[in-house]
Amino acid sequence: MGARIAIASALWLTITTGPASALDSVTFGTNWKAEPEHGGFYQAVATGIYFKYGLDVTIRPGGPQVNHAQLLAAGKIDFNMGANLFEAFNYVQNDVPMVVVAAIFQKDPQILMAHPDQGFETLADLKDHPILISQDSRTTFWEWLKSRYGYTDEQIRPYTFNPAPFLADPEAIQQGYLTSEPFAIEREGGFTPKVFLLADAGYDTYSTTIETSWQLVREHPELVQRFVNASIEGWYSYLYGDPGPANALIRQDNPEMTDDQIAYSIGKLKEYGIADSREALEVGIGAMTDERWHTFFRFAADAGLYPKDLDLARAYTLQFVNQKVGMDLKPD
């Protein structure tokens with residue numbers, strides 16, 4: 001069961017303008033089990049922001065056996081959390097009429113990490129060294145590393161999302177997520193790994209995107225706008241207000257999530273400006289630009305991953321973002 005929240009009668013009257021039947025019920029699928037990387041969406045549920053916008057939102061957590069992109073394409077859910085722009089390119093290439101309407105993370109939290117005593121200072125230093133990489137990553141950021149730094153497939157070692165091989169080998173290098181794997185290494189290995197955030201080296205995909213169907217955009221643009229605006233406000237509230245309400249729902253949906261992990265993840269989201277940086281500083285969280293979409297696509301096409309004449313206009317729309325929504329909630 002996804003996260004839901006009951007609003008007391010007094011609060012209900014304060015934040016809504018009509019009866020419960022007037023709310024539009026929508027379902028939002030995330031890309032993994034409940035975690036702080038989804039915090040703004042949970043905050044919008046927990047604090048009544050979605051209700052304020054006339055929405056009754058059910059968050060449906062993802063997981064290893066859940067394909068929310070497929071459910072979105074089948075019309076089983078209304079919105080989906082995308083991991084990166086490759087997914088949007090894949091929709092277009094396969095004639096799936098889905099569209100990205102916002103990008104919550106300006107920076108993809110994807111990292112490589114190494115042991116701290118190996119003398120690695122930049123991503124370029126990792127060339128020619130074995131790196132633990134998952135199968136899915138070979139057709140995403142690994143292609144960028146090959147293009148940018150001359151990495152080769154001979155460096156690849158299989159990564160199964162188990163930190164034991166990395167911990168056991170001082171010379172090991174491993175992929176990870178800024179807000180997750182380094183925390184596990186600190187806890188289990190007793191040391192702080194050397195972290196290389198790919199986004200800060202030019203890996204320019206958006207992440208944690210909001211996807212929906214072109215049909216919903218065309219037939220109910222006002223509903224899409226309300227969901228995007230409310231989600232953005234939820235993220236400002238989560239990052240700069242009290243994240244406690246969202247964290248309670250995250251732990252409810254994912255009891256394995258600890259307070260220490262939550263605090264670590266929120267800290268890294270803020271420290272590195274994962275959601276609130278670059279264009280978001282000027283036009284608000286969720287920002288997207290034509291330039292970034294086209295620049296990143298040119299890399300992907302030049303790498304041979306997609307045909308160069310792919311109709312990128314079918315992948316995204318700027319209709320619902322760059323409106324400075326929620327920026328007044330950010331402390332001066």
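Me: How many helices and strands are there in the protein?
Reply: The protein has 14 helices and ten strands, where helices (H or I, at least four residues) and strands (E, at least two) are DSSP runs numbered from the N terminus. This is a predicted model, in which local features need pLDDT of at least 70, side-chain atom pairs count only at pLDDT 80 or more, and totals for chains, interfaces and linings use all residues. Residues are numbered from 1 along each chain as its sequence is written, and side-chain values use heavy atoms, with hydrogens and water left out.

Me: What share of the 332 residues is buried?
Reply: Buried residues make up 55% of the 332; buried means under 20% relative accessible area (1.4 Å probe, protein chains only).

Me: Now Asp 56: buried or exposed?
Reply: Asp 56 counts as buried because its relative accessibility is 17%.

Me: And which strand is Asp 56 in?
Reply: Asp 56 belongs to strand 2, residues 55-60.

Me: How far apart in space are Asp 56 and Glu 188?
Reply: They are 40 Å apart, C-alpha to C-alpha, and 132 residues apart in sequence.

Me: Different topic: which helix gives the most to the lining of the second largest pocket?
Reply: Helix 9 does, with three residues. Helix 4 (68-73) and helix 9 (214-219) each supply at least two. A pocket is an open set of points on a 1 Å grid over the protein atoms alone, where a 1.4 Å probe fits, with protein on both sides within 12 Å along at least five of seven lines; lining residues have an atom within 4 Å of a point.

Me: Which residues line that pocket?
Reply: Among them are Leu 72, Ile 77, Met 98, Gln 215 and His 220.

Notes:
Buried means under 20% relative accessible area, exposed over 50%, partly exposed in between (1.4 Å probe, protein chains only).
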